[in-house]
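Biologist: Hello! I am new to this structure and would like to understand the words used to describe it. Could you show it to me, so that I can ask about them?

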Amino acid sequence: MKSGPDIAMVAALVGDPARANMLTALLSGRALTATELAQEAGVTPQTASSHLAKLEAGGLVEPEKQGRHRYYRLADPDVADVLEKLAGLAARAGHMRVRTGPKEPELRRARICYDHLAGDLGVQMLDSMTRQKLVRRRKQEIVLTEEGEQFLARHLRISPEMLAHPRRPVCKACLDWSARRHHLAGTLGAALMKRFTELKWAARDTTPGSRVVNFSRAGEKHFAALFGPDGGG
């Protein structure tokens, strides 16, 4: 008998179209109910419950009960990272959804990837941080520099202590499915997205399952000043 991780089991869980739609919806970072996930998957609530039970048993989602409702979210950032990479692989191989909605340009421009900024603006931010020497990149390895720590503290009030996590790196390269280049994940990517929201520079679309991030006019200006092509704090 072969030993080691059972890739086939995880692939089978993700490979079902209904379950794939549910998992993609949960990339929004929000916890969604079984009813909302049933709508995302285009299946009945009973079928959705069966799919969710399998995803929970497989360790890909976790439930959270609040009042009479039971919510589901992705089990951890690693699941989100795998899903985003699979989306990138599908895009490169030409396996795109037939239906495209009016939100697609917005989705490609700025979206949430679990808890960090993705899309064109996410890629732009990482490129700018690299150019300004706020992070140091070597292939897929990203390290926050001393200049970066000072920049974050000065402009966004993000301290190194806020980035510490026992099981998650500060910086991580996440392959962006639409831009096909890397954006910034890890605790730093999450802290930046949280700060943009707190400052009201950006807000996430409130539609259940939507991953679109909308920047205000003022937010775009502030973001460009720090992370635009000519930005530099």
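Biologist: How many aromatic pairs does a search of the whole structure find?

Modeller: The search finds 7 aromatic pairs. Please keep in mind that this is a predicted model.

Biologist: Let us take the rings of Phe151 and Phe227. Why is the pair called tilted?

Modeller: The ring centres are 5.9 Å apart, and a pair needs centres within 6.5 Å, so the two rings count as a pair. Their planes stand at 55°, while stacked means under 30 degrees and edge-to-face means over 60, so the pair is tilted.

Biologist: What makes this a pair that links distant parts of the chain?

Modeller: Phe151 sits in helix H8 (residues 146-156) and Phe227 in helix H11 (residues 217-227), with the two positions 76 residues apart in sequence.

Biologist: And how do you know whether Phe151 is buried or exposed?

Modeller: Its relative accessibility is 2%, and buried means under 20%, so Phe151 counts as buried. Phe227 has a value of 0%, so Phe227 is buried by that cut-off too.

Biologist: Now the rings of Phe196 and Phe227. Why is the pair called edge-to-face?

Modeller: The centres are 6.4 Å apart, within the 6.5 Å needed for a pair. The planes are at 65°, which is over 60 degrees, so the pair is edge-to-face.

Biologist: Which parts does that pair tie together?

Modeller: Phe196 belongs to helix H10 (residues 186-198) and Phe227 to helix H11, so the pair joins parts that are 31 residues apart in sequence. Phe196 has a relative accessible area of 0%, which is under 20%, so Phe196 is buried.

Biologist: Which residues do ring pairs link into a cluster?

Modeller: The cluster is made up of Phe151, Phe196, Trp201, Phe215, Phe223 and Phe227.

Biologist: Let us move to the helices. Why is H2 called roughly perpendicular to H4?

Modeller: The axes of helix H2 (residues 17-26) and helix H4 (residues 45-57) come within 10 Å and cross at roughly 75°. Roughly perpendicular covers 65 to 115 degrees, so H2 and H4 earn that description.

Biologist: Which residues make the contact?

Modeller: From H2 come Ala18, Arg19, Met22 and Leu23, and from H4 come Ala48, His51, Leu52, Lys54 and Leu55. These residues divide into 6 nonpolar, 1 polar and 2 charged.

Biologist: What makes H1 and H2 roughly perpendicular to each other?

Modeller: Helix H1 (residues 7-15) packs against H2 at an angle of about 85°, with the axes 6 Å apart. That angle falls in the range of 65 to 115 degrees, so roughly perpendicular is the right term for H1 and H2. Ala12, Leu13, Val14 and Gly15 of H1 meet Pro17, Arg19, Ala20 and Leu23 of H2. The contact of H1 with H2 has 6 nonpolar residues, 1 polar and 1 charged.

Biologist: Next, a loop. Where is Ser178, and why does it count as buried?

Modeller: Ser178 is in the loop between strand E8 (172-175) and strand E9 (182-185). Its relative accessibility is 13%, under the 20% cut-off, so Ser178 counts as buried.

Biologist: How do you know that a polar contact joins the side chains of Ser178 and Arg111?

Modeller: The distance is 2.9 Å, and a polar contact needs suitable N or O atoms within 3.5 Å, so the pair qualifies. The side chain of Ser178 also makes a polar contact of 2.9 Å with the side chain of Asp176.

Biologist: Arg180 is found in the loop between E8 and E9 too. Why does Arg180 count as partly exposed?

Modeller: Its relative accessibility is 46%, which lies between 20% and 50%, so partly exposed is the term for Arg180. Phi of Arg180 is near 60°, a positive value in a residue other than glycine.

Biologist: And what makes Lys200 exposed?

Modeller: Lys200 has 67% relative accessibility, over the 50% cut-off, so Lys200 counts as exposed. Lys200 lies in the loop between H10 and strand E10 (202-204), and its phi is positive, near 65°.

Technical notes:
Residues numbered from 1 in each chain as written. Predicted model: local features only at pLDDT ≥ 70, side-chain atom pairs only at ≥ 80, totals over all residues. Heavy atoms only, no water. Phe/Tyr/Trp six-rings, centres within 6.5 Å; stacked < 30°, edge-to-face > 60°. Helix = DSSP H or I, 4+ residues; strand = E, 2+ residues; numbered from the N terminus. Buried < 20%, exposed > 50% of the residue type's maximum accessible area, 1.4 Å probe, protein only. Axes fitted to C-alpha atoms, helices over the stretch in contact; angles between N-to-C directions. Parallel < 35°, antiparallel > 145°, perpendicular 65-115°, else oblique. Contact = heavy atoms within 4.5 Å. Nonpolar A, V, L, I, M, F, W, Y, C, P; charged D, E, K, R; others polar. Polar contact = N/O pair within 3.5 Å; in protein donor to acceptor, adjacent residues only side chain to side chain.
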